[in-house]
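Reader: I should be grateful for a close look at one part of this structure, namely the packing between its helices, set out in one connected account with the residues that form each contact.

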Amino acid sequence: MSCGVVPSPVTPGSSGTVMFMCGIIGYVGERDAQTVIISGLKRMEYRGYDSAGIALVTSQGIDVRKKSGKLVNLEKELQAHPMASSHQGIGHTRWATHGGPTDQNAHPHLGQTGRVALVHNGIIENFATLKAELAKQAATFTSDTDTEVVAVLLEREVASGQSLLDAMRATVGRLEGAFTLVAVDTDSPDTVVAARRSSPLVVGVGQGENFLASDVASFIEYTREAIELGQDQIVELTPSSVTVTSFDGTPAVTRPYHIDWDLSAAEKGGYDWFMRKEIFEQPKAVADTLLGRINADGQLTLDEMRIDTAQLRSVDKIIVVACGTAYHAGLIAKYAIEHWTRIPVEVEIASEFRYRDPIITRTTMVVTISQSGETADTLMAIRHAREQHAKVVSICNTNGATIPRESDAVIYTHAGPEIGVASTKGFTTQLIACYLLGLYLAQVKGTKFGDEIVAQVRELEALPAKMDEVLHDLEATLALARDMLSEHTVLFLGRHVGFPVALEGALKLKEISYLHAEGFAAGELKHGPIALIEEGLPVFVVVPPQGRDQLHDKMVSNIQEVRARGARTIVLAERGDDLAEEFADTFLPLPVVPTLFQPVLAVLPLQVFSCEIATLKGYDVDQPRNLAKSVTVE
Ligand code: M6R
């Protein structure tokens, strides 16, 4: 392996504004390339699953197979028409944004003569101009994609006598937009070349073999040594070398790292769905995220917090930006951080953030929450925040992803790979990271005493055992799913931190069960939504712990209100909460925890309920329609 010496750049705002997701893989080595590529694509199918393809360099030239639909369609094609053996190839699983999900538009794409094959994540913004220019030179195209234009350009460069590496460098110089490209060339044996701008690309470093992929899960079976590529870098792989340079040809310093989880974490391990497996992994994921946070002096430490304490003390406003489930975690964070630090916290959907011209100063801290660390809306929001001189702290589950790379500080959650599209352990570990951040700021600002902070951390450390309790007592939840198969609408109500839990319960149900589900702040009911209540309508209610009397009692009144109008009430409340239980058609008891931490427990039955109802309906829980795991399109 040979690597040069220039820091991999972190360049906020340096890429285009539109990206899309897909999984890409490249392999060169002694193994059967088809086996490596197909197994890698299987582990990345969550990234996009509307078409898939593979290209192998064989003694007869490049052989390409591609099929619309899920990967299984491609596998059937390969069984029916086996490919020749090869040790060098590329693959792709697609979530279409540019050209419909057809066989023709699936990747890889070939150049004009079939000498090079190319896979691509991203959008080439000037592709129409390039295509028109090539058409004038008699180029013809078989797809509607921008990718094919790049394949044609690349092939022209190699045909002019350049190496694949130099040809790639020349080609990316002509492209505008966001792109990660991986290519092979029949005349470049034992070589795979890739270029990265914006979407993720990681090198897997093996013995006598090397890998490239959007996600380490795709090569974890073969190696746990990886190198993350920086923005605007090109890599050339051979079986025995990895050479990274920047787009201008300067050698690059690389950041090798060891992947601290193994193949079993990337497989279903006996569960029917990744989602179900990930639900049950939550106690461990939460425990891992809490590990080693209190040092020998009794201080809370966040080792990736690289902002100095003077700057932290000056923070006078926090804005949390995130999407989907991560946004719900942010809504809960607001209650905790404001309570402990007295710093005002705003929570914003990342896709809305920069368009409202938010008020950001040097003393604003922007906290971003993202499981994948690649969500485009969130990435663009933090780039905007940094341009306005805010300090950005990211909470992320993916080591080396773009968002943490572009942040001033990172709190990594230690959930392990989350593969199910519906986020579960991502959410609960994000909550833990938010609590830790709030307590850390309270420590730095002196708004809580040290012993109070340690006491809160001890309460957090007690959560995994309580989560286990909930996850071992699911009979009533599973029975509800069986019973509600024919429902069309389900409502979720909550107050205080229970409100975001209600939103999250509704989101889970929508995304995998395709049921109409809504979450409401229970106090808002009387301002409109109560009109939806009719005989038998299922309403989940998240009741706050009994210690908060006013809050608790108001919530019980809300249950009575909907029940009086015919709703079927499913009540999640503290064990022993007789008042709440009295108005429950189904009572789902939760272990006793402080109010702020209740979401970590209350969300569990809601996740299980959604997973079960989607399973019973026969849906693909891990790959729900129209969705993909990393949403790298704005
Ligand atoms: O990777 P991120 O945490 O940034 O993803 C954010 C959302 O796209 C994600 O939480 C999405 O809402 C999930 N599918 C919800 O289960």
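Author: The crossing of α3 and α4 is left-handed. This is a predicted model, and the values below are computed from it. Helix α3 covers residues 127-136 and helix α4 covers residues 146-159; their axes come within 10 Å and cross at roughly 50 degrees. That angle makes α3 oblique to α4. On the α3 side the contact is formed by Phe127, Leu130, Lys131 and Leu134, which meet Asp146, Val149, Val152, Leu153 and Arg156 of α4. By class, these residues divide into six nonpolar, no polar and three charged.

Helix α4 also packs against helix α5 (residues 164-172), at an angle of about 130 degrees and with the axes 8 Å apart. Here too the arrangement is described as oblique, α4 to α5. The crossing of α4 and α5 is right-handed, whereas that of α3 and α4 is left-handed. From α4 the participants are Val150, Leu153, Leu154, Glu157 and Val158, and from α5 they are Leu164, Ala167, Met168, Ala170 and Thr171. The contact of α4 with α5 comprises eight nonpolar residues, one polar and one charged. Leu153 deserves separate mention: this residue of α4 appears in the contact with α3 and again in the contact with α5.

A further helix pair lies later in the sequence. Helix α15 (residues 463-471) packs with helix α20 (residues 598-616) at an angle of about 30 degrees, and the two axes are 10 Å apart. Angles under 35 degrees count as roughly parallel, so α15 is roughly parallel to α20. The crossing of α15 past α20 is right-handed. Leu463, Lys466, Met467, Val470 and Leu471 supply the α15 side of the contact, while Val600, Leu601, Leu604, Pro605 and Val608 supply the α20 side. Sorted by class, the contact has nine nonpolar residues, no polar residues and one charged residue.

Helix α20 also takes part in an aromatic pair. The whole structure contains 11 aromatic pairs according to the search. One of them joins Phe540 and Phe609, whose ring centres are 4.9 Å apart and whose planes stand at 55 degrees, so the pair is tilted. Phe540 belongs to strand β22 (residues 538-542) and Phe609 to helix α20; at 69 residues apart, they link distant parts of the chain. Phe540 is buried, with a relative accessible area of 2%, and Phe609 is buried as well, at 0%.

A second pair offers a contrast in geometry. The rings of Tyr271 and Phe280 have their centres 5.9 Å apart and their planes at 25 degrees, so this pair is stacked. Tyr271 is partly exposed, at 33% relative accessible area, and Phe280 is partly exposed, at 29%. In addition, one aromatic cluster is formed by Tyr27, Phe211, Phe219 and Tyr222.

Three individual residues give a view of the surroundings of other helices. Thr378 sits in helix α11 (residues 376-387) and counts as buried at 1% relative accessibility. Apart from neighbours within four places in sequence, Thr378 contacts Val321, Ala322, Cys323, Ala350, Thr368, Ile369 and Ile403.

The other two residues lie in loops beside α13. Pro417 is located in the loop between β19 (409-412) and α13 (425-445). Its relative accessible area is 12%, which places Pro417 in the buried class. Leaving aside neighbours within four places, the contacts of Pro417 are with Trp261, Ala265, Ala266, Glu278 and Lys425. Pro417 also lies 9.8 Å from Asp215, C-alpha to C-alpha, although the two are 202 residues apart in sequence.

Thr447 occupies the loop between α13 and α14 (450-461). With 33% relative accessibility, Thr447 counts as partly exposed. Beyond its neighbours within four places in sequence, Thr447 touches Trp340, Thr341 and Ala442. The C-alpha atoms of Thr447 and Ile343 are 9.9 Å apart in space, with their positions 104 residues apart in sequence.

Note on methods
Residues numbered from 1 in each chain as written. Predicted model: local features only at pLDDT ≥ 70, side-chain atom pairs only at ≥ 80, totals over all residues. Heavy atoms only, no water. Axes fitted to C-alpha atoms, helices over the stretch in contact; angles between N-to-C directions. Helix = DSSP H or I, 4+ residues; strand = E, 2+ residues; numbered from the N terminus. Parallel < 35°, antiparallel > 145°, perpendicular 65-115°, else oblique. Left-handed = near helix turned anticlockwise from the far one by under 90°. Contact = heavy atoms within 4.5 Å. Nonpolar A, V, L, I, M, F, W, Y, C, P; charged D, E, K, R; others polar. Phe/Tyr/Trp six-rings, centres within 6.5 Å; stacked < 30°, edge-to-face > 60°. Buried < 20%, exposed > 50% of the residue type's maximum accessible area, 1.4 Å probe, protein only.
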